[in-house]
Amino acid sequence: GDKGATALATILQAGSGLTSLNLSFTRLGDEGARALAVSAKQNKSIKEIIVQHTGVGENGRLLLESALGQRDGTVALSGEIPELSVTYADEANGILGCRHYQRGCKLRAHCCGKFFTCRFCHDEVSDHVMDRTATQEMMCMTCMTRQPIGPMCTTKTCGGRSMAHYYCNKCKFFDGDNRKSIYHCPYCETCRVGKG
């Protein structure tokens, strides 16, 4: 809430070197948004603020936007942007992913910088093709934290939560369906279903 945002703002005013703030609040009022906006104005390195909850008022949003307005910065509310929202392979059973794969993360496409649950989801709505192997960043759909791509979430919140049953660092491929046997073929340099 506002107290947490104000405390964070005090830290930011001291100069953190951060370029992006990915924040999660159950509610962010005008007081907290104002404190963050003031610190963002003073901390010139911050280019992006993402608030992972729509419990921020319109005045609060305007305050944050004004803080970055002179820097081509962006302020986003996760509930308004599909790429920052949680997606499911099976919503009824709480299985994260998409209609193509089960996985607990989204991938940041190297080509356009947007987040998609898989390369097929990207390609379906884009005018270009995603190179999955070029992916360097993911976003955990449990804590909504952006981080380097890997087999598990590295935040303290998630405590090493696995992103999928199978992960290939070469292909940057995740699949959470443990009914499948998947292996990376060293000859064709791609992941395949089977025993190898």
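This report describes a four-stranded sheet and two nonpolar cores in a predicted model.

## The sheet

Four strands form an open sheet in the order β7-β6-β8-β9, and their pairing is antiparallel. The edge positions belong to β7 and β9 (146-148), each of which has a single partner strand, so one side of each lacks a neighbour in the sheet. Strands of a sheet pair through backbone hydrogen bonds, either parallel or antiparallel.

## Pairing of β6

β6 and β8 are joined by three bridges in the antiparallel sense. Cysteine 105 lies opposite cysteine 140 of β8, and leucine 107 has methionine 138 in β8 as its bridge partner.

β6 also pairs with β7 (residues 115-116), again in the antiparallel sense, over two bridges. Here arginine 108 faces phenylalanine 115 of β7. β6 and β7 make a hairpin with six residues between the strands, and in this hairpin glycine 113 has a positive phi near 80 degrees.

## The nonpolar cores

In soluble globular proteins, nonpolar side chains tend to be buried together. The largest nonpolar core in this model has 14 residues, and Met163 and Phe174 are the members that touch the most others. Two elements, β6 (105-108) and β8 (137-140), each give two or more residues to this core. A second core, separate from it, has 11 residues, including Tyr101, Cys171, Phe173 and Cys191.

## Contacts of methionine 163

Which residues does methionine 163 contact, leaving aside its neighbours within four places in sequence? Among them are Cys105, Met138, Cys140 and Phe174. Others include Arg103, Gly104, Gly150, Pro151, Met152 and Cys153.

Note on methods. Residues numbered from 1 in each chain as written. Predicted model: local features only at pLDDT ≥ 70, side-chain atom pairs only at ≥ 80, totals over all residues. Heavy atoms only, no water. Core = buried A, V, L, I, M, F, W, Y, C linked by side-chain atoms within 4.5 Å. Buried < 20%, exposed > 50% of the residue type's maximum accessible area, 1.4 Å probe, protein only. Contact = heavy atoms within 4.5 Å. Pairing = 2+ DSSP bridges.
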